[in-house]
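Here are my notes for a first look at this one. Keep the viewer open and follow along point by point.

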Amino acid sequence: MNWVRAFLAPLMGVIVAAALVLWLWVPDLRIVVRVGLPVLVLWLGLVLVAAVLITRAVRRRLRRAEERGRRWALEEAQSEHRLFVARLDHELKNPLAALSLAVTNLQQGPADLATDRTLAGVRTQVDRLTRLVSDLRKVNDLSAAELERERVDLIEVLREVTMTLAEVPAYGDRSVELSVHEAPWPVGPVDGDRELLFVAFYNVVLNALKYSTDGPVHVHARSDGVNVTIEVSDTGIGVPAADQEAMWQELSRGGNVGHVAGSGLGLPLVATIVDLHRGSVGARSQEGVGTRVEVSLPLAD
């Protein structure tokens with residue numbers, strides 16, 4: 001199509017220029033151009049082709065401009081979010097430290113049952129806020145981090161996750177069943193940060209244990225030759241349909257969690273780590289039935 005444009009544009013320019021010169025020098029001159037039907041059809045075809053090419057070029061440029069605008073808006077929003085969290089961390093760090101020190105000093109004073117209970121409650125809330133701010137800072141720092149990549153055996157990481165959680169008293173009697181599907185493609189290594197991947201899968205399996213009171217948690221690994229996919233399934237309380245869209249957002253928690261402790265930062269942390277590894281994460285859940293979280297990561301070259 002480039003040869004058509006290269007031929008058509010100069011030719012049309014020469015014709016228009018010649019017509020103008022003749023009109024200026026010989027005002028009474030009449031030019032009659034007779035063309036046959038095949039030539040007319042050819043010219044109409046060339047004009048149509050040129051119009052199509054111009055339309056495609058304009059649409060392409062508009063799409064590129066729109067994509068650049070979206071990327072710029074997303075980067076701007078992420079930058080503002082990181083700045084907000086950094087300021088929040090800075091503003092809350094000193095007051096929380098002062099409150100923690102004050103509670104410690106009061107607890108070392110004269111013993112009184114009512115006072116001790118009150119101080120214990122204050123201590124619990126101060127510690128909870130401190131962990132919340134710390135977790136927010138972790139997510140914020142990770143979103144702009146550069147990974148130190150190495151070849152990571154995900155099956156080994158998953159085994160370590162299950163062994164670590166088995167040592168937690170609250171989940172020591174729960175069963176985490178790990179299965180690996182090796183056919184027709186083996187579950188090979190991925191390129192990434194081993195510690196961060198451990199944190200991601202630890203949080204996913206921990207959530208499955210935390211929000212299900214009975215029945216095993218199933219962890220299944222498989223590969224399609226391009227990506228490794230890890231599924232973590234439970235038969236727990238599930239996520240209400242109205243809360244599923246926001247479940248990957250910071251500080252978001254399902255309306256049916258009751259008194260189960262949590263900060264609402266576990267899944268956002270998982271999503272951030274997976275995104276840094278150029279992977280994808282998603283979930284399917286039904287309230288009262290259970291949840292399945294699926295993490296997909298590209299295989300190492």
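1. Let's begin on helix α2, which spans residues 37-107 and contains I54. I54 has a relative accessibility of 54%, so it counts as exposed, the cut-off being over 50%. Together with V58 and L62, I54 makes a nonpolar patch on the surface, and the three share about 290 Å² of accessible area.

2. A word of caution: this is a predicted model. The average pLDDT is 76, and 67% of the residues reach at least 70. Going by element, helix α1 (residues 2-25) has the lowest mean pLDDT, 55, while β7 has the highest, 95. Where pLDDT is low, don't read the predicted coordinates in detail.

3. Now the overall layout. You'll find six helices and seven strands, and from the N terminus the order goes α-α-α-β-α-β-β-α-β-β-α-β-β. Of the contacts with a separation of 6 or more, 70% are between residues 24 or more positions apart.

4. How much of the protein is buried? The figure is 29% of the 301 residues. The exposed area comes to about 19,900 Å², with carbon and sulfur atoms supplying 59% of that.

5. Next, have a look at the largest nonpolar core, which has 36 residues; L154, F201, I230, V232 and L297 touch the most other members. Elements giving two or more residues to this core are α4 (154-166), α5 (194-210), β4 (217-223), β5 (227-234), α6 (266-276) and β7 (290-298). The largest share, 10 residues, is from α5. If you want one residue to click on, try L154: leaving aside residues up to four places away in sequence, L154 touches V190, L197, F201, V228, I230 and L297.

6. The structure has five salt bridges. R194 is worth a visit: R194 pairs with E156, with the closest N and O atoms 3.1 Å apart. That pair joins helix α5 (R194) to helix α4 (E156), 38 residues apart. R194 also pairs with E160, here at 2.9 Å between the closest N and O atoms. E160 is in helix α4 too, 34 residues from R194. R194 counts as buried because its relative accessibility is 18%, whereas E156 at 43% and E160 at 30% are partly exposed.

7. Finally, the strands have a salt bridge of their own. E231 in β5 and R292 in β7 are 61 residues apart in the chain, and their closest N and O atoms are 4.0 Å apart. E231 is buried at 12% relative accessible area, while R292, at 42%, is partly exposed. Both belong to a salt-bridge network with R222 and E294.

Terms used:
Residues numbered from 1 in each chain as written. Predicted model: local features only at pLDDT ≥ 70, side-chain atom pairs only at ≥ 80, totals over all residues. Heavy atoms only, no water. Core = buried A, V, L, I, M, F, W, Y, C linked by side-chain atoms within 4.5 Å. Buried < 20%, exposed > 50% of the residue type's maximum accessible area, 1.4 Å probe, protein only. Helix = DSSP H or I, 4+ residues; strand = E, 2+ residues; numbered from the N terminus. Contact = heavy atoms within 4.5 Å. Areas by Shrake-Rupley, 256 points an atom, 1.4 Å probe, with all protein chains shown as cover. pLDDT = per-residue confidence, 0-100. Patch = residues over 30% accessible without salt bridge, like charges linked within 9 Å, V, L, I, M, F, W, Y side chains within 5 Å. Salt bridge = Lys/Arg side-chain N within 4 Å of Asp/Glu carboxyl O.
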